[in-house]
Amino acid sequence: MASVGSNGKFKIGLCQTDVSHDKKVSLANAKASVAEAVAKGAELVVLGEMFSCPYATKYFEQYGERLPLPGQAADESSPSVKLLIDMAKEHKVWLIGGSLPELVDGKVYNTCLVLNSEGDIVAKHRKAHLFDIDVAATETRPAMKFKESDILSPGEQMTLVDTPWCRIGVGICYDVRFPELGLAMRAEGAKVLVYPGAFNMTTGPAHYNLLTRARAVDTQSYVVSCSPARSKDPNDYQAWGHSQIAGPWADMLVEAEHEPGVFVVEVDPSECDRIRNQVPTSFQKRDDLYVPYASKRPRTEEL
Ligand SMILES: O=C(O)CCC(=O)C(=O)O
């Protein structure tokens, strides 16, 4: 498909921020990090999953806010939304606003707002695949159990945003595990896939970098994974951190450690075209072989 946007180079800033139990502190951390990213030249800035809410299902309602629809004015009672709008306007920067617990009609969603450089909300992604896992401890990894579906409802839509540079696809954390979503966004013309996330100390070391690179190699796109920093309080959810960007060749362009930090990387959407032409997998697909199976679940005897 024809490319959307200029296809020109631009700089992406990753903000790996500390999340506090005091929302005002988390928002102040986000504000300082976005300002730092802009000072370092970022034109599009990304925050982590739940950047203003400790990551635990028991907090999602308490910290939840009402989020406007794209094109709608923000409710003044939503401090995280107000901050995102103010930051986008003040710095004239595009923002992929991590995620927030969204309260709507008795439901709670894990939602990412995307704002343009005028502070307009141009897209809203609700996490489509909820993080429900139950991993047993082994000698080499701690146990990890999480059940977002106790509180959260899943989003029902794929999210694509047209920016001045290229089309961008947005997913949230566990969404990155589903290659079909990344491939669908790529089929719709995305050249950058952004996943605010908050992996953990069990799956993070094993899979975070691998998944970022895997989606990059599947889709021949830039893949941006942005996490909060690890909490110093052992009673909190321990985020893996390691915010990172892989290029369309699946090369790691930046990878943080677990401390707070701001990382700015230049990306070039036209590089996706070069890689896609050199290794033209999207034109070599054998849909006749596997599309009939695309919606099948594993046979029950294998579960
Ligand atoms: O997929 C994983 O292992 C982690 C996912 C996660 O932390 C999340 O979806 O919030």
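This passage describes the confidence of a predicted model, one annotated domain, the strands around β10, the residues around the ligand and one buried proline.

The structure is a predicted model, in which local features need pLDDT of at least 70 and side-chain atom pairs count only at pLDDT 80 or more, whereas totals for chains, interfaces and linings use all residues. Residues are numbered from 1 along each chain as its sequence is written. The mean pLDDT of the chain (the predictor's confidence in each residue, from 0 to 100) is 95, and 98% of its residues reach 70 or more. For the complex, the predictor gives an ipTM of 0.98 together with a pTM of 0.96.

According to an unreviewed UniProt entry, residues 10-269 carry the annotation "domain: CN hydrolase"; UniProt positions are given in the numbering used here, feature names are shortened, and annotations may be inferred rather than shown by experiment. This span is 23% helix and 29% strand, and its end C-alpha atoms lie 9 Å apart. Helices (H or I, at least four residues) and strands (E, at least two) are DSSP runs, numbered from the N terminus.

Strand β10 comprises residues 167-170 and pairs with two other strands, where pairing requires that DSSP finds at least two bridges between them. Strand β9 (residues 159-162) runs antiparallel to β10 and is joined to it by four bridges, with V161 facing I168 as its bridge partner, and a hairpin of four residues connects β9 to β10. With strand β11 (residues 190-196), β10 pairs in the parallel sense, again over four bridges, and here R167 has A190 as its bridge partner. Helix α4 (residues 179-187) completes a right-handed β-α-β unit with β10 and β11; right-handed means that, with the strands pointing away from the viewer, the path from the first strand over the helix to the second runs clockwise.

In a regular strand the side chains alternate between the two faces of the sheet. In β10, R167 and G169 on one side and I168 and V170 on the other are all buried, a residue being buried if 20 or more other C-beta atoms, placed from the backbone, lie within 10 Å of its own.

The residues around the ligand, each with its C-beta atom, placed from the backbone, within 6 Å of it, are E49, F131, C173, Y174, R177, A198, F199, N200, T203 and H207. This shell divides into five nonpolar residues, three polar and two charged, where Ala, Val, Leu, Ile, Met, Phe, Trp, Tyr, Cys and Pro count as nonpolar, Asp, Glu, Lys and Arg as charged, and the others, Gly among them, as polar.

P248 lies in the loop between β13 (244-246) and β14 (252-255), and P248 counts as buried because 24 other C-beta atoms lie within 10 Å.

Technical notes:
A residue is buried if 20 or more other C-beta atoms lie within 10 Å of its own, exposed if 12 or fewer, and partly exposed in between; C-beta atoms are placed from the backbone.
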